[in-house]
Amino acid sequence: MQTIHGYHRPADLEEALALLNRSDTPTVVIAGGTRVAAGLIQAGEVVDIQALADASISSADAHVSYGSLVRLQDLIDSEDTPALLAETAMREGPNTLRHTATVGGTVAGADAESELVAALLAHEATVTIARPDAQVDVPLDELLDDRSLLDGGIITAVTVDAGGETASARTGRTPADTSIVAAVGRVVPGGFRLALTGVGHHPLLIEQDDIERLDPPGDFRGSPAYRRELAAVLSKRVIAMLGGAV
Ligand SMILES: Cc1cc2nc3c(=O)[nH]c(=O)nc-3n(C[C@H](O)[C@H](O)[C@H](O)COP(=O)(O)OP(=O)(O)OC[C@H]3O[C@@H](n4cnc5c(N)ncnc54)[C@H](O)[C@@H]3O)c2cc1C
């Protein structure tokens, strides 16, 4: 049973970062708060960023930028959102979750089964992180590989390259269930950008040749070998849909 001892709702980013970086009080950010509601966050105190974070969507030069507080349903409803992002965000959870959960929270949470995070990888997402000393832009794949890049920081925006044809393929126990493994792909100059869910501790950007070397964690829905096989089959399907040779 989690106990939260303090709740803060600062009006500006500077104050939020100061609260987050107190050395004597373990503190985490909450945005939509759905992970707190699901009992997935352990912390002494929380900093709610809803009064200060950006909830706007802007588009320029074939890139789309989502303020960290953009709700998943608003991402889906935006005309600027690439089709693959809208399609995968629809699968993040039920309507009530999509109206509450945010883009920043989804990226920071980086659930291993998040098809939206995989789609963001395919779309070359860059994550803007505000820290007490600076603001930095970090490629999403680097952030997923090194979570310490987010320590003491707050995601303020996620920006994607909106161009390129895309495709997806997935296997779940039922069509409505969370996928066991999903593959998404996007055509980029010189080839494909391929990302997978369900084969690691977070969604992975991967080269097709590296799939056989994957060592996925198994669970009651699929052993490591089954997941590796699904990864190979679904990746081939995605690449074939994008017109590549398999
Ligand atoms: C019923 C239910 C179903 C769910 N289904 C799914 C699912 O299918 N797929 C999935 O991936 N997840 C799922 N989740 C988990 C979670 O709800 C999602 O990951 C959600 O998108 C998180 O968004 P949020 O804005 O609510 O984040 P929060 O719950 O507010 O935060 C999530 C994490 O991100 C951090 N964080 C949030 N915003 C920022 C920021 N701007 N900067 C830095 N750190 C930040 C928080 O500290 C926390 O660690 C589910 C949860 C529930 C309750």
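Reader: Where is Asp61?
Author: This is a predicted model, in which local features need pLDDT of at least 70 and side-chain atom pairs count only at pLDDT 80 or more, while totals for chains, interfaces and linings use all residues. Residues are numbered from 1 along each chain as its sequence is written. Strands (E, at least two residues) and helices (H or I, at least four) are DSSP runs, numbered from the N terminus. Asp61 has its place in the loop between β4 (57-60) and β5 (63-67).

Reader: Is Asp61 buried or exposed?
Author: Count the other C-beta atoms, placed from the backbone, within 10 Å of a residue's own: 20 or more means buried, 12 or fewer exposed, and in between partly exposed. Asp61 has 6 such neighbours, so it counts as exposed.

Reader: What is the phi of Ala62?
Author: Ala62 is also found in the loop between β4 and β5. Ala62 is not a glycine, yet its phi is positive. The value is about 65 degrees.

Reader: Which residues does Ala162 contact, beyond four places in sequence?
Author: Ala162 sits in the loop between β8 and β9. With 18 C-beta neighbours inside 10 Å, it counts as partly exposed. A contact needs C-beta atoms, placed from the backbone, within 7 Å. By that rule, and leaving aside neighbours within four places, Ala162 is in contact with Ala62, His63, Val64, Pro82 and His123.

Reader: Which helix gives the most to the largest nonpolar core?
Author: A nonpolar core is a set of buried Ala, Val, Leu, Ile, Met, Phe, Trp, Tyr and Cys residues joined through C-beta atoms within 7 Å. The largest one here has 61 residues, and Leu120 and Leu196 have the most contacts inside it. One helix supplies 7 residues, the most of any: α7 (residues 115-122).

Reader: Which residues does Leu120 touch, not counting those up to four places away?
Author: In soluble globular proteins, nonpolar side chains tend to be buried together. Leu120 has five partners to look for on the model: Val107, Ala125, Leu140, Val158 and Val160.

Reader: How far apart are the end C-alpha atoms of helix α9?
Author: The expected span is 1.5 Å times one less than the number of residues. Helix α9 (residues 224-241) has 18 residues, so it should span 26 Å. The model agrees, with its end C-alpha atoms apart by 26 Å.

Reader: Within what arc do the buried residues of α9 fall?
Author: The buried residues of α9 are Arg227, Arg228, Leu230, Ala231, Leu234, Ser235, Val238 and Ile239. They line one face of the helix, because seen down its axis (taking directions from the axis to the C-beta atoms) they fall within an arc of 160 degrees.

Reader: Which strands help cover that buried face of α9?
Author: Look at what covers the buried residues of α9. Three strands are included: β9 (166-172), β10 (179-188) and β11 (191-197).

Reader: Which element gives the most to the shell around the ligand?
Author: A residue joins the shell if its C-beta atom, placed from the backbone, lies within 6 Å of the ligand. There are 32 such residues, and the closest are Gly32, Arg35, Gly104, Gly105 and Asp111. β2 (27-30), α2 (34-37), α6 (103-109) and β8 (154-161) each supply at least two. With 5 residues, the top contributor is α6.

Reader: What distance separates the centres of domain 1 and domain 3?
Author: Domain bounds come from an automatic or database domain assignment. The protein is divided into domain 1 (6-48), domain 2 (57-161) and domain 3 (166-241). Taken over C-alpha atoms, the centres of domain 1 and domain 3 are separated by 33 Å.

Methods: Contact = placed C-beta atoms within 7 Å.
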